[in-house]
Amino acid sequence: MAVKVEKLKVNYKTLEEFKKFKEYGVQELSMLEELQANIIENDSESPFYGIYFGDTLVARMSLYQRNARFDQYFDPPQNYLELWKLEVLPKYQNKSYGKELVEFAKNFGLPIKTNSRIKSQGFWEKMGFEAVTYEVERDLGENPYVWFPEGVKEQKIS
């Protein structure tokens, strides 16, 4: 069965689907508040992407494009993606849905930064991400992992 990543609409139907994730997920992955803040109209610009199995949203992530002027991770400095809150419902885990979301993000051809949760480092490494050199002021207790497209490397900390 082919898996398709879709841009999720910012609407009340998506809000109801996200409630399923909050029941299973950890608080740091909850997107409900983020979605509620973005509900303006059905066709609003959405940072949310997901995969459906039938009519059920089974995997999701937030994907934000960041401007090069804020880039503290990549050399040369450039626009990059920040991938947040990737989550797959427990019943659908280990079926490559998380991998499909990450591959979708990589297809934009931009560097990607994410923050690894405890026990998820292995997943990110398997997806080709690397831990960056930790910098206290920049990372503020986060656990950043990055993916470098060809020709991009880690920015040196000065």
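Of the 158 residues in this protein chain, 45% count as buried. Keep in mind that you're looking at a predicted model, with a mean pLDDT of 83 for the chain. Five helices and nine strands make up its helix-and-strand inventory. Here's a tour, topic by topic.

**Overall layout**

- Walk along the sequence and you meet the pattern β-α-α-β-β-β-β-α-β-α-β-α-β-β.
- Take the contacts between residues at least 6 apart in sequence: 63% of them join residues at least 24 apart.
- The chain's accessible surface comes to about 9300 Å², and carbon and sulfur atoms account for 49% of that.

**The sheet**

- Seven strands build an open sheet in the order 1-2-3-5-6-8-7, and the pairing is mixed.
- At the edges you'll find strand 1 (5-7) and strand 7 (130-131); each has a single partner strand, so one side of each has no neighbour in the sheet.
- Strands of a sheet pair through backbone hydrogen bonds, either parallel or antiparallel.
- Strand 2 and strand 3 go for the antiparallel option, over six bridges.
- To spot this pairing yourself, look for F53, which stands opposite T56 in strand 3.

**The nonpolar cores**

- In soluble globular proteins, nonpolar side chains tend to be buried together.
- Here, the largest nonpolar core has 29 residues, and M61, L83 and F129 are the ones touching the most other members.
- Helices and strands both chip in: helix 1 (12-24), helix 3 (97-106), strand 2 (48-53), strand 3 (56-66), strand 5 (80-88) and strand 8 (144-147) each give two or more residues to this core.
- Strand 3 supplies the largest share, with five residues.
- There's also a second, separate core of seven residues, with Y73, Y80, F148 and V152 among them.

**Aromatic rings**

- The chain has nine aromatic pairs in total.
- In one of them, the rings of F123 and W124 have centres 5.0 Å apart and planes at 75°; an angle over 60 degrees counts as edge-to-face, so that's what this pair is.
- W124 also pairs with F129: these ring centres are 4.9 Å apart and the planes sit at 65°, so this pair is edge-to-face too.
- Are these three residues buried or exposed? Buried means under 20% relative accessible area, so W124 at 5% makes the cut, and so does F129 at 3%.
- F123 has 27% relative accessibility, so it counts as partly exposed.
- F129 therefore shows up twice in this tour: as a partner of W124 and as one of the residues touching the most other members of the largest core.
- Elsewhere, Y73, F74, Y80 and F148 form one aromatic cluster. Y73, Y80 and F148 are also in the second core.

**How confident is the prediction?**

- 81% of the chain's residues reach a pLDDT of 70 or more.
- Which stretches fall below 50? Residues 23-30 do, and this stretch has 18 contacts in the model beyond near neighbours in sequence.
- Residues 39-43 are also below 50, with nine contacts beyond near neighbours in sequence.

Methods:
Residues numbered from 1 in each chain as written. Predicted model: local features only at pLDDT ≥ 70, side-chain atom pairs only at ≥ 80, totals over all residues. Heavy atoms only, no water. Helix = DSSP H or I, 4+ residues; strand = E, 2+ residues; numbered from the N terminus. Buried < 20%, exposed > 50% of the residue type's maximum accessible area, 1.4 Å probe, protein only. Contact = heavy atoms within 4.5 Å. Areas by Shrake-Rupley, 256 points an atom, 1.4 Å probe, with all protein chains shown as cover. Core = buried A, V, L, I, M, F, W, Y, C linked by side-chain atoms within 4.5 Å. pLDDT = per-residue confidence, 0-100. Phe/Tyr/Trp six-rings, centres within 6.5 Å; stacked < 30°, edge-to-face > 60°. Pairing = 2+ DSSP bridges.
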